[in-house]
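Visitor: I should like to study a single part of this structure closely. Please choose one strand and explain its surroundings step by step.

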Amino acid sequence: DGNRFVSPKVQYLPANGPHYMWVQDIGNIANRQHEEIFTSRILTWESFQHSGQIKVEATTPFESRVSIQIRSAADATSLNSAGWRNVTTGSFNLSAADRALQYRLTLKSMNGDAYPIVQKVNVSLQ
């Protein structure tokens, strides 16, 4: 670039951080809390379904945990304005007009080091 002798250029070496490769404090890069959030793709269906179940298979080392939320609406566009609902028992209800669904997993660590490892998420509707 013609300026290599003007000022020293610093290149950080990869170091453990929130994404195990950047020079950053431990924790979520947005708020430094010990949690990461995964939002699923939009799931859709054609016929009336009145309820559903969600099952998350995950390894939770050192008291880490997974929190589940869902939101549903009549179509994919309406999901943006739908509120998230906590799912504590694995079961949730749907309204008669619902034809779209999203789930959100919050992976929480007690110390910022050991996070849950999700192997599988199964969503079924009735």
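Guide: The following account looks at one strand, its partners and its side chains.

This is a predicted model, in which local features need pLDDT of at least 70 and side-chain atom pairs count only at pLDDT 80 or more, while totals for chains, interfaces and linings use all residues. Residues are numbered from 1 along each chain as its sequence is written, and side-chain values use heavy atoms, with hydrogens and water left out.

The chosen part is strand β7, residues 100-108. Helices (H or I, at least four residues) and strands (E, at least two) are DSSP runs, numbered from the N terminus. Of the nine residues in β7, eight are buried. Buried means under 20% relative accessible area, exposed means over 50%, and partly exposed lies in between, with a 1.4 Å probe and protein chains only.

Consider next the partners of β7. Two strands pair if DSSP finds at least two bridges between them. Strand β4 (residues 65-73) is antiparallel to β7, and nine bridges join them; here Val 66 stands opposite Leu 107. Strand β1 (residues 35-39) also runs antiparallel to β7, with five bridges, and Glu 36 is placed opposite Leu 107. Strand β2 (residues 43-44) pairs with β7 in the antiparallel sense over two bridges, with Leu 43 opposite Leu 101.

The side chains come next. A nonpolar core is a set of buried Ala, Val, Leu, Ile, Met, Phe, Trp, Tyr and Cys residues joined through side-chain atoms within 4.5 Å. The largest nonpolar core has eleven residues, among them Trp 45, Ile 68, Leu 101, Tyr 103, Leu 105 and Leu 107. Both β4 and β7 supply at least two residues of this core, and β7 gives the most, with four. In soluble globular proteins, nonpolar side chains tend to be buried together.

Trp 45 belongs to this core. Leaving aside neighbours within four places in sequence, Trp 45 is in contact (heavy atoms within 4.5 Å) with residues including Leu 94, Ala 100 and Leu 101.

Finally, the whole structure holds one aromatic pair. Rings of Phe, Tyr and Trp (its six-membered ring) pair if their centres lie within 6.5 Å; planes under 30 degrees apart count as stacked, over 60 as edge-to-face and the rest as tilted. Phe 38 and Tyr 103 form a tilted pair, 6.3 Å centre to centre with 50° between the planes. Phe 38 lies in β1 and Tyr 103 in β7, 65 residues apart. Phe 38 is partly exposed, at 43% relative accessible area, whereas Tyr 103 is buried, at 12%.
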